[in-house]
Amino acid sequence: MSEHEVKVTETTLSDGRQLLFFDDSPEALAGKVTRNSVDHRGLPETHTESEMRKDPLTGDWVVFAAHRMNRTFLPPANENPLAPTKPGALPTEVPADDYDVVVFENRFPSFSMHMDVPADYAEYADPAHMVPRAPAQARCEVVCFAPNPDISFRDLPAYRIRTIIEVWAHRTRALSAIEGVQTVFPFENRGEEIGVTLQHPHGQIYSYPFLPPRISSIMHQLEEHPKLFENLLASELEDGRRIVAETDHFVVFVPAAAKWPLEVMVMPRRQVADFTELTDEEKEELSRVLKRLYTAVDNFFEGVERTPYIAAWNQAPVKHPARDCFRMHLQLFSLMRSPHRMKFLASSESAMGVWINDTTPEIIADTLRKVW
């Protein structure tokens with residue numbers, strides 16, 4: 001199978017942040033479209049002071065990014081910062097009148113490389129040295145899936161989803177090379193119900209300078225069970241009740257211990273650590289799988305046109321003794337428990353971390369199969 005062709009053009013925004021165009025249109029690939037636009041907003045040089053502190057009771061890192069309090073919140077259509085910059089209109093984050101897919105450093109990042117760390121930086125937040133602290137140095141990026149603000153991921157043609165998969169692979173490779181980065185996390189939040197502040201179809205990519213709790217827990221399990229993913233997938237395939245769909249290279253299933261009212265995973269059949277290790281054939285097939293999955297998710301609840309969801313790509317740590325045992329997978333879930341009713345994380349979930357699900361994985365899988 002021939003490689004999916006994507007043209008990558010890099011530029012710099014007026015405040016020093018990097019922006020990359022990923023073009024897949026025939027015109028751009030033929031050199032008929034140039035990406036030499038200049039950001040004329042004259043923004044001040046970007047600078048953040050994010051920090052992270054380790055909770056002495058749990059060992060988890062907590063990030064503090066006070067500058068995010070003033071980030072853009074549900075702007076009117078004519079002030080959409082993720083839209084192309086049209087002639088005579090307000091300039092946006094994208095200094096071009098059109099694009100296919102675009103990636104840029106988040107203007108209001110949780111983690112950033114744009115910070116000055118003093119030589120005498122205090123390594124603890126308390127006099128007893130029980131709470132370690134460190135600069136939250138890594139990188140957060142925004143991925144705009146399309147220039148049209150009125151569509152969703154499910155509406156994208158398969159070839160555009162294929163381009164986005166190439167973007168995830170490209171950025172995973174680049175962010176993994178940043179010193180100190182331990183995990184790269186592509187994701188998408190969809191729906192005001194879960195706190196989305198910009199309705200334009202987009203996702204984000206976080207790089208973390210530590211292992212997030214979920215990845216850390218999986219790596220701990222892998223130390224005891226190196227063939228965990230292989231055995232898990234084999235068990236699900238043998239059981240069959242929670243399998244939603246199968247292809248040559250991927251399996252779509254509801255995890256047997258699903259926490260959310262709607263939860264589904266997409267997992268490759270072979271051991272693949274992250275997007276950089278997928279073959280062209282696997283990327284092509286994955287684009288078709290995702291097209292069908294996101295459509296099914298939007299048909300899951302009767303009377304709900306756009307299901308609010310979180311699409312979280314779990315990838316192997318950049319450097320870890322058990323990296324080659326980790327299998328990348330998509331964990332897509334919704335906080336909606338029934339049409340227009342949300343599941344709230346109350347005391348058991350929020351305080352103790354013990355999930356109580358109002359349905360069963362088998363019911364979720366059966367519903368997904370019906371709308372697949």
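**His202 and the contact between the two domains**

His202 touches a set of residues further off in sequence, namely Leu82, Val142, Val143, Cys144, Phe145 and Glu188, once anything up to four places away is set aside. The model is a predicted one, and this histidine is a handy place to start, since the UniProt record, an unreviewed entry, puts an "active site" feature at His202. As for secondary structure, His202 sits in strand 9, which runs over residues 202-208. Is His202 buried or exposed? Its relative accessibility comes out at 11%, and because the cut-off for buried is under 20%, His202 goes down as buried. There is also a polar partner just back along the chain: a polar atom of the His202 side chain lies 2.6 Å from the backbone oxygen of His200.

Zooming out, the domain assignment splits the chain into domain 1, residues 7-210, and domain 2, residues 214-370. The C-alpha centres of domain 1 and domain 2 are 24 Å apart. How many residues of each domain are in contact with the other? On the domain 1 side the number is 30, and these meet 29 residues of domain 2. Put together, domain 1 and domain 2 bury about 2700 Å² between them, with 57% of that area on carbon and sulfur atoms. Within domain 1, the residues that lose the most area to domain 2 are Arg154, Arg162 and Arg190, which together make up 27% of what that side buries.

Charged and polar pairs show up across this boundary too. The tally between domain 1 and domain 2 is 5 salt bridges. Arg162, one of the three arginines just named, forms a salt bridge with Glu284, where the closest N and O atoms are 3.0 Å apart. Counting polar contacts instead gives 17 residue pairs between domain 1 and domain 2, with both residues at pLDDT 80 or more. Which elements of domain 1 supply at least two residues each to the side that touches domain 2? Helix 2 (158-176) and strand 8 (183-190) both do. Of that side of domain 1, helix 2 brings the largest share, with 10 residues.

Turning to the C-terminal part, UniProt carries the annotation "domain: Galactose-1-phosphate uridyl transferase C-terminal" over residues 225-369, again from an unreviewed entry. Across residues 225-369, the chain is 32% helix and 22% strand. The C-alpha atoms at the two ends of that stretch are 31 Å apart.

How values were computed. Residues are numbered from 1 along each chain as its sequence is written. This is a predicted model: local features need pLDDT of at least 70, side-chain atom pairs count only at pLDDT 80 or more; totals for chains, interfaces and linings use all residues. Side-chain values use heavy atoms; hydrogens and water are left out. UniProt positions are given in the numbering used here, feature names are shortened, and annotations may be inferred rather than shown by experiment. Helices (H or I, at least four residues) and strands (E, at least two) are DSSP runs, numbered from the N terminus. Buried means under 20% relative accessible area, exposed over 50%, partly exposed in between (1.4 Å probe, protein chains only). Contact means heavy atoms within 4.5 Å. A polar contact is a pair of N or O atoms within 3.5 Å; within protein, one must be able to donate a hydrogen and the other to accept it, and residues adjacent in sequence count only if both atoms are side-chain atoms. Domain bounds come from an automatic or database domain assignment. Buried area is the accessible area (1.4 Å probe) that two parts lose on being put together, summed over both. A salt bridge is a side-chain nitrogen of Lys or Arg within 4 Å of a carboxyl oxygen of Asp or Glu.
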